[in-house]
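Open the model in your viewer and set it to a cartoon view. We will walk from one element to the next, and at each stop you can select what is named and look around.

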Amino acid sequence: MIPKVHTQIIELGDGRTISIETGKLAKQADGSVVVRMGDAMLLATVVSARNASPGIDFLPLTVDYREKFAAAGRYPGGFFKREARPSTEEILTMRLVDRVLRPLFPKDYHAETQVMIQLMSHDENVMPDALAGLAASACIALSDIPFDGPISEVRVARIDGEFIVNPSRAQLEQADIDLMVGASADSVSMVEGEMDEVSEEEMTEAIKIAHEAIKIQCTAQDALAEKVGRKEIRAYDAEANDEELEQKIYELAYQKCYDIAKIGSSKQERTEKFSALKEEITALFSEEEIEEKGGLISKYFGKAQKAAVRNLTLNEGLRLDGRKTTEIRPIWCEVNYLPSTHGSAIFTRGETQALATVTLGTSREANQVDMPTYQGEEKFYLHYNFPPFSTGEARPLRGTSRREIGHGNLAQRALSGMVPDDCPYTVRVVSEVLESNGSSSMATVCAGTMALMDAGIQLKKPVSGIAMGLISDGEKYAVLSDILGDEDHLGDMDFKVTGTADGITACQMDIKIKGLSYEILVNALKQAREGRLHILGKLTETIAKPAEDVKPHAPKMVTRTIPGDYIGALIGPGGKVIQELQKETNTTIVIEEVDEQGVVEILGTDQDGIDAVLRKIDAITFKPKVGSVYEVKVVKILDFGAVVEYLDAPGNEVLLHISELAWERTNNVTDIVKLGDVIDVKYFGIDARTKKPKVSRKALLPRPPRPDKKSEK
């Protein structure tokens, strides 16, 4: 049977279009669509279980995004020619989609739900990650799954002052703003991106451009759902509620929670006090009531606690640790803490601490990116580790989490633009989070900045970062600088902003309330700027500018460009020359051919070894100039001349013919020069008769006068 296909077209306003198609593929899923832009095609499906698993009190949502190598006509790398675990870039796309979708499912919907998005066809002029949110939302909109959508996501770039929605990768390389924005038709809910030191107003303008494009895409999803025929939303077992119990718990807990919050204590102290209060209230109920409604008692206590903490901030401008809304926690920093690393720094802000290290290497250590949609390398990259002890927990280690990848990527984007383009090193920054109560990703940015400066990387400008929060009741609102972990959960918006003294370099926002005005957003960003500059001052008090050079034990890097014709001579047969040279000089030498030139990287801790490599390169690539005078050493005596070696290029030898030793007739070479003598010669180029290089000593000597023929008679 021929399937009935429904399609909806979205105009981007510049001749490009996006189509959403359903009815042809994956019809056993609860919802499925194919989103196409140019030749790029993504298949998105959603399936949700009909019943929640017993004991589950959260939404087990999985968002999976994969790029198939066949989509670009390529084979997967490695021994097994099959796609395996997701790449970093795929995980980052999953996080972007998840963060917009998750808050829009009903809070009491706990059925296992899986959204799968896969790139089936690639177009080099289309970046598919910007279409993933649209595809995910469209397939949910066509299902019977309860969802307060639709939503969409777009990328906005500014190129030469003009904003472009969903640019190509080539266009993005020219942009000074690169933002991914997720939103419904009513409200922006997610922003993430990097910028070239832009202002708060410029960033807000980019968000507005993105939201206008998203509104059109949401309308298109609604139109497609109408074409297909909207499904009746499925019934599901909602959470049990007890209004009388909720009111009782509120009356018992609210004021006491308010009083605990108002004390302004440390994380551990207030945790213990809140736990003791919860136990005290729970003890008022019988064992039968606790067995039957223990979950509700815990839930309602949490609601009362959240309301108390929020109201304390809105009514009195006070926070859990006693700070005012604009106040930053105490900061202390230290650089050069680890003696053996190439650079290190500690950044501690309140109960959050990050230890960053820097490692310097050659291009051989660059991070290789091999995806169906992009192949390249990163010469600057940052890894973020979040061990369980940082929050006082003991839990299993199960590899690098998606959260660690996302936080590390944010910090990397914050710093990468400040690493100079002519930095010769591959630079790896690693952040070890040692304590966490508040944003450890922003602590990573601060520690990373200082560690890079300590390592001698000549950053254009230092970068700092701050995590902000927002609490609003619809009439009043409070913007919180340098939020705690608890404030991250109870607030209506949390956002992280990084930048230099001159502008924003990266941001990440999650907005949990509808209808947030751009005026509040700009005010929040300006308050963030004040906090960011305060933190930046603390960093520059610790290390005012980058170290002038790398540490004595760190490798020094020298780059030399040679003609492509000499690459083979420097490598030698089977790599013999370069291997022996590395061994003799205790250096690492990497050669790469770029535009028919050889780019030679020399890495070593001993300057004498580096200088020896440079001399060898000079010797191999030495090419004397016609008419120039060179100092040479006699290395061999022959009957018909002397073999001499250029002192400026050891190993480069040339024959000085006996006839070019002196103006007078020379019978024996040793009458003029001896082995080991150092003399000057003039280079005449290739001799037309012998086809060999010609040098002369006599050309530099005064020519004797010609004999007078009359006097001879």
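A crossing of two helices is called left-handed if the near helix is turned anticlockwise from the far one by less than a right angle, and right-handed if clockwise. Keep in mind along the way that this is a predicted model.

**Stop 1: a helix pair**

Select helix 6 (residues 267-282) together with helix 7 (residues 287-316). Their axes are 11 Å apart and the helices pack at an angle of about 140°. Angles over 145 degrees count as roughly antiparallel and 65 to 115 as roughly perpendicular, and helix 6 and helix 7 are therefore oblique to each other. Which hand does the crossing of helix 6 and helix 7 have? This crossing is right-handed.

Now show side chains. From helix 6, pick Phe274, Leu277, Lys278, Ile281 and Thr282; they meet Ile290, Ile297, Ser298, Phe301 and Gln305 of helix 7. By type, the residues of this contact comprise 6 nonpolar, 3 polar and 1 charged.

**Stop 2: the sheet of 6 strands**

Next, go to the open sheet whose strands follow the order 1-2-3-4-6-5, with mixed pairing. At its edges you will find strand 1 (6-11) and strand 5 (61-67); each has a single partner strand, so one side of each is left without a neighbour in the sheet. From one strand to the next, the twist averages 15°.

Zoom in on strand 5 and strand 6 (residues 113-121), which run parallel and are joined by 7 bridges. Click on Glu67, and look for Leu119 of strand 6 standing opposite. Then add helix 4 (residues 200-228), which lies across strand 1 and strand 2 (17-22) and runs at about 165° to strand 1.

**Stop 3: the sheet of 5 strands**

Move on to another open sheet, ordered 11-12-13-17-16, where the pairing is again mixed. Which strands stand at its edges? They are strand 11 (331-335) and strand 16 (380-385), each pairing on one side only. Neighbouring strands here are turned by 15° against each other on average, ignoring direction.

Select strand 13 (residues 352-361) and strand 17 (residues 426-435): they run antiparallel, with 9 bridges between them. One residue to label is Thr359, whose bridge partner in strand 17 is Arg428.

Finish with helix 9 (residues 440-454). This helix lies across strand 11, strand 12 (343-349), strand 13, strand 16 and strand 17, and its angle to strand 12 is about 145°.

Technical notes: Residues are numbered from 1 along each chain as its sequence is written. This is a predicted model: local features need pLDDT of at least 70, side-chain atom pairs count only at pLDDT 80 or more; totals for chains, interfaces and linings use all residues. Side-chain values use heavy atoms; hydrogens and water are left out. Two strands pair if DSSP finds at least two bridges between them. Helices (H or I, at least four residues) and strands (E, at least two) are DSSP runs, numbered from the N terminus. Axes are lines fitted to C-alpha atoms, for helices over the stretch in contact, and angles run from 0 to 180 degrees between N-to-C directions. Contact means heavy atoms within 4.5 Å. Angles under 35 degrees count as roughly parallel, over 145 as roughly antiparallel, 65 to 115 as roughly perpendicular and the rest as oblique. Ala, Val, Leu, Ile, Met, Phe, Trp, Tyr, Cys and Pro count as nonpolar, Asp, Glu, Lys and Arg as charged, and the others, Gly among them, as polar.
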